[in-house]
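Please open the structure in your viewer and keep the sequence panel beside it. The tour below moves from stop to stop, saying what to select and what is there.

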Amino acid sequence: MTAVFVYSFDRETFAGEFSTRNEALAIALNRADGNPSPLTAVYVGQRVSPNPRAFGHARAVIDRMKDRVAEDIGDDADSYLRGLTDKQVTELDVAMEKAILTWLDSNRLMPQCTKVESITEHPVPIPMQWREPAGDASNEVHLVGETRRW
């Protein structure tokens with residue numbers, strides 16, 4: 001799966017789809033510069049799809065198979081699927097995962113929701129329109145509530 005990076009100005013609403021974190025950051029900083037009010041930070045994260053949880057069902061299926069055979073035959077079925085090795089159970093888990101993922105994909109049932117992880121915060125440089133003109137200290141605040149005029 002290809003990584004998808006997104007950006008946000010509020011750490012809640014993410015936008016865009018970029019192939020690298022740096023690409024998302026560059027666009028976010030560019031768009032932050034044009035924001036009507038100054039932003040102090042932008043956030044970049046990686047959008048990830050949830051794990052469909054197709055692995056790890058072998059033990060439950062084996063137990064259910066044993067129960068169903070025991071219902072059909074009775075106590076004579078006690079030895080059915082008893083003493084399986086971890087390797088055998090893992091082999092079934094792998095085969096089941098492949099089958100479940102194929103089924104989910106072919107029926108377009110893969111999870112469509114996503115979440116954003118690995119969020120990083122990046123300071124935003126002060127935009128030009130918000131900066132004081134160079135060398136203009138006529139209204140510089142030296143003490144709270146006191147302005148010196150030079």
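Which residue's side chain meets that of K115 in a salt bridge? Select K115 and E117: the side chains of these two residues meet in a salt bridge, with N and O 3.2 Å apart, where a salt bridge means a side-chain nitrogen of Lys or Arg within 4 Å of a carboxyl oxygen of Asp or Glu. K115 counts as partly exposed, at 47% relative accessibility, and E117 is partly exposed as well, with a relative accessible area of 33%. Here buried means under 20% relative accessible area, exposed means over 50%, and partly exposed lies in between, using a 1.4 Å probe and protein chains only.

**Before going further**

The model is predicted, and for that reason local features need a pLDDT of at least 70 and side-chain atom pairs count only at pLDDT 80 or more, while totals for chains, interfaces and linings use all residues. Residues are numbered from 1 along each chain as its sequence is written, and side-chain values use heavy atoms, with hydrogens and water left out.

Colour the chain by pLDDT, which is the predictor's confidence in each residue, from 0 to 100. The chain averages 86, and 83% of the residues score at least 70. Confidence is highest in helix α3 (residues 86–106), at a mean of 97, and lowest in strand β6 (residues 146–147), at 56. Where pLDDT is low, the predicted coordinates should not be read in detail. The helices (H or I, at least four residues) and strands (E, at least two) named on this tour are DSSP runs, numbered from the N terminus.

**The sheet**

Select strands β1 to β4 together, and you will see an open sheet of four strands in the order β2-β1-β3-β4, with antiparallel pairing; two strands pair if DSSP finds at least two bridges between them. Strands β2 and β4 (115–123) stand at the edges with a single partner strand each, so one side of each is left without a neighbour in the sheet. Direction ignored, neighbouring strands of this sheet are turned by 25 degrees against each other on average.

Now narrow the selection to β1 (residues 4–8), where four of the five residues are buried, so that this strand is largely enclosed by the rest of the structure. Two bridges join β1 to the antiparallel strand β2 (residues 15–18); in β2, F18 is the bridge partner of F5, and A15 is the bridge partner of Y7. Follow the chain between these two strands, where the hairpin has six residues, and stop at R11, which takes a positive phi near 70 degrees.

Turn next to strand β3 (residues 41–48), which five bridges join to β1 in an antiparallel arrangement, with Y7 standing opposite V44. Seven bridges join β3 to β4, again antiparallel, and one place to look is A41, whose bridge partner in β4 is P123.

**The helix across the sheet**

Add helix α1 (residues 21–33), which lies across β1, β2, β3 and β4 and runs at about 140 degrees to β3. Such angles run from 0 to 180 degrees between N-to-C directions, with axes taken as lines fitted to C-alpha atoms, for helices over the stretch in contact.

Within α1, pick out A32, which is buried, with a relative accessible area of 1%. Leaving aside its neighbours within four places in sequence, A32 is in contact (heavy atoms within 4.5 Å) with F9, L39, V42 and V124. The C-alpha atoms of A32 and I126 are separated by 9.7 Å, although these residues are 94 apart along the chain.

**Helix α2 and its salt bridges**

How many salt bridges does the structure hold? It holds three, and two of them can be visited here, beginning with R59 and D86, whose side chains meet at 3.6 Å, N to O. R59 lies in helix α2 (residues 58–73) and D86 in helix α3, so the pair ties together parts that are 27 residues apart in sequence. R59 is partly exposed, at 43%, whereas D86 is exposed, at 58%.

Then select R64 and E71, which form a salt bridge with the closest N and O atoms 3.9 Å apart. R64 is partly exposed, with a relative accessible area of 44%, while E71 counts as exposed at 61%.

Finish just after α2, at G74, which takes a positive phi of about 100 degrees.
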